[in-house]
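The following paragraphs offer a guided reading of one structure. Please keep the sequence and the model in view while reading.

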Amino acid sequence: MLEIKNLHASINGNEILRGVNLKVSAGEVHAIMGPNGSGKSTLASILAGREVYDVTDGQVLYNGQDLLEMDPEERAREGVFLAFQYPVEIPGVTNSYFLKTALNSIRKHRGLEELDAVDFLKMVRERMKLVEMEESFLNRPVNEGFSGGEKKRNEIFHMAVLEPKLALLDETDSGLDIDALRIVADGVNKLRRKENATVVVTHYQRLLNYIVPDFVHVLVDGRIVRSGGKELALHLEDKGYELMREGSETTARRG
Amino acid sequence: MDQRSHYQEQFNAFERTLNGDAASPVHALRRTAMGHLQQVGFPTSADEEWRFTNVQPISNRSFTPSIQPPASSLTSSEIEKLTVPAQDRFVFINGHYAPWLSSVKVPNNVRAISLAEARSTDRQMIERHLAHSVKGTETGFTALNTAFLFDGLYLHVPSGVEIAEPIVLVYVADRSAAETVIQPRNLIVLEERAAAKVVEFYVSNDGGSYLTNAVTEVVLGKRARLEHDKVQFESLSAFHMAVTHVAQSKESVYRSNNFALGGKLVRNELTSAMNDERCECTLNGLSLGTGEQLIDNHTTIDHAKPNCNSWEVYKAVLAGRARGVFNGKIFVRKDAQKTDAKQTNKTLLLSDEATIDTKPQLEIFADDVKCTHGATVGQLDEQQVFYLRSRGIGADDARDILTFAFADEVVGHVSIEAVRDRLEQIIHLRLDEGRVA
């Protein structure tokens, strides 16, 4: 589904990604872990189409298409979804209007009929339950005045409505207490399908107790220095990222 | 050179049509005003208050005062389409009251009639209030309005009477308005504890290039409450000059929601004088400019006495080569301790060529007061745009949604649903045009 080849990217002349390679297939859950500043969030943002980064080398294929050539909205319509690390507040636009517009843009692109207000409401009410959100959130401006936990739940709610093929969760666990973490993780798990893939970007192993990955990749200084199964995350928890940094050269040689 | 002699000639002709009216006190006001116009002329950009707004396109032209009511085939449903459905509606075509398009069902003791009629039936009140609050501040435009003073709304709400239904005023310019100056004159008096909602619509039905030169005077008694909404959606070739003066008594509440959506060259002057204690004054405004429009808002809030509150938020959305001007004066007089005044001006520029000149002007002579002001000028937030796009919403739609939300916040202050709906329609329409322009 997703194939990242030798991706190099920089912002204001600073190289952040220095040759990332990653392959994600349908049905898989991948975790990308790494210390602060390793380039995790940059990778997620580039995949979603944020234009502040310069891709200087490499290629990203999404279902055989050149992802980097697509506009952000085109990517979303083709099934790419980014749950933001810092969800953006949109004063004056209700959650419900925002989602309905988004959903119908996607449906239109896929040749489906647009949902009317009644069908839309029926659907979102059901999806809200996945993340235990109250209906009043529909009529509130997007993320405005939401607590940190509510914002993260709202992201997963958006995901539940838009039903992406490839979900990128950027530090979705940051700022969540244990209850909120469980709710968010449960939501993500319920949305897992064998035809979809999920990439979880996180600093801590904690989230991976709830969203159990098939593969774990360690990103350090803009490169994936080690890949493995879910046990790699536990190993990281014990040893920290410093070890990985030391071991990076051997890994790179081996790779 | 402006057209003083032109208007003097027009005035002489107007006088000859007046017969008995020429001996009335109102006519004395007209003559004084014409004298004033001859003396001061129209403002120029040399005047500090008109620095950013050059009115030469108006003062160089010879508009004909619209003295005769036009023959018009406008229908009630056409009026409704231009404005809103309303139970109490006054329609003025080119400034002249059109009773066949109007309907008024206000309580019996409320006077809601055309000013032309009130000048003979309600002489005492007219003489007491008309042209009083604007005295001493008249520009050439106000003088021109008074000189040809003829029609408009006269509303008098007696003590303790609250009118729930909004009174909708429709000033429509039709085809025969071209090259004329339309000069509505409104007088709104709310006595003690009276309450009302007044909505002014300025719209065009093939009006072309004309000048609206309106003056509205509002007198609020003790504890009176007025919501005063104005929807200016004139022809894009029209000029619109408007002056509103509000005199507030003790504990009165004035709420203004002012929407400048049409017109080629627009100037709104809105002044509220809080002449006694514990008054409230809220001024909300939205300007929407596209193409070559110039929209100028000058507001003045005068805190003359202690314990008065004022809130002001003026927003502008400017596209194309549109220009905006905001000047917000707040005076806090020596007496006006415990004043709470907050002013905000926010402008969204949708193109590189759109500009705004914004000037908060606070003059504070009391020492125990809370006064804040802030002005922001900027473009759409790219993070917000990206957030919308990352959910599948196209770039243009994302920008439209965010722009609309910025503007719609002001609409939210209007308490009348039908007016809000109509405003949202017009804003959508204008934003679409703005994107094309």
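What percentage of the 255 residues in chain A is made up of buried residues? The share is 53%. This value, like every other one given here, is computed from a predicted model.

Chain A is a convenient place to begin. Its secondary structure consists of eight helices and twelve strands. The radius of gyration of chain A is 18 Å, and the globule rule gives 18 Å for 255 residues, so chain A is as compact as a globular protein of that length. Measured out along the principal axes, its C-alpha trace spans about 60 × 40 × 35 Å. Of the contacts in chain A with a separation of 6 or more, 68% are accounted for by residues 24 or more positions apart.

The surface of chain A comes next. About 11600 Å² is exposed, and carbon and sulfur atoms supply 45% of this area. Chain A carries 33 positive and 40 negative side chains, with the centres of the two sets lying 3 Å apart. One residue to locate is Lys108(A), which belongs to helix 3, residues 95-109, of chain A. The relative accessibility of Lys108(A) is 59%, and the cut-off for exposed is over 50%, so Lys108(A) counts as exposed. Arg77(A) stands 31 residues from Lys108(A) along the chain, and their C-alpha atoms are separated by 8.9 Å.

Chain B may be read in the same order. Its 437 residues include ten helices and 21 strands. A compact globule with 437 residues would have a radius of gyration near 22 Å, and the 21 Å of chain B agrees with this. Taken along the principal axes, the C-alpha atoms of chain B fill a box of roughly 70 × 50 × 45 Å. Buried residues amount to 59% of chain B. Where contacts in chain B link residues at least 6 apart in sequence, 84% of them join residues at least 24 apart. The accessible surface of chain B is about 16700 Å², and 47% of that surface belongs to carbon and sulfur atoms. Chain B has 46 positive and 56 negative charges, whose mean positions are 3 Å apart.

Within chain B, Val385(B) is a residue to follow into the interior. Val385(B) is part of helix 8, residues 382-389. Its relative accessibility is 2%, and buried means under 20%, so Val385(B) counts as buried. Beyond the neighbours within four places in sequence, Val385(B) is in contact with Leu380(B), Ala398(B), Arg399(B) and Leu402(B). Asp397(B) lies twelve residues from Val385(B) in sequence, at a C-alpha to C-alpha distance of 9.4 Å.

Finally, the nonpolar cores deserve attention. Which residues touch the most other members of the largest nonpolar core? Among its 126 residues, they are Ile4(A), Phe157(A), Leu169(A), Val172(B), Leu261(B) and Ile427(B). Helix 9 of chain B, residues 395-411, contributes nine residues, the largest share of this core. A separate core of 41 residues lies apart from it, and its members include Leu226(B), Ala242(B), Met274(B) and Cys308(B). To return to the largest core, Phe157(A) shows how one of its members is surrounded. Neighbours within four places in sequence aside, Phe157(A) is in contact with Asn95(A), Leu99(A), Val124(A), Arg127(A), Met128(A), Val131(A), Met133(A) and Leu138(A).

Conventions
Residues numbered from 1 in each chain as written. Chains lettered and ligands numbered in written order. Predicted model: local features only at pLDDT ≥ 70, side-chain atom pairs only at ≥ 80, totals over all residues. Heavy atoms only, no water. Core = buried A, V, L, I, M, F, W, Y, C linked by side-chain atoms within 4.5 Å. Buried < 20%, exposed > 50% of the residue type's maximum accessible area, 1.4 Å probe, protein only. Helix = DSSP H or I, 4+ residues; strand = E, 2+ residues; numbered from the N terminus. Contact = heavy atoms within 4.5 Å. Rg over C-alpha atoms; globule rule 2.2 N^0.38 Å. Areas by Shrake-Rupley, 256 points an atom, 1.4 Å probe, with all protein chains shown as cover. Lys, Arg positive; Asp, Glu negative; His and termini not counted. Charge placed at Lys NZ, Arg CZ, Asp CG, Glu CD.
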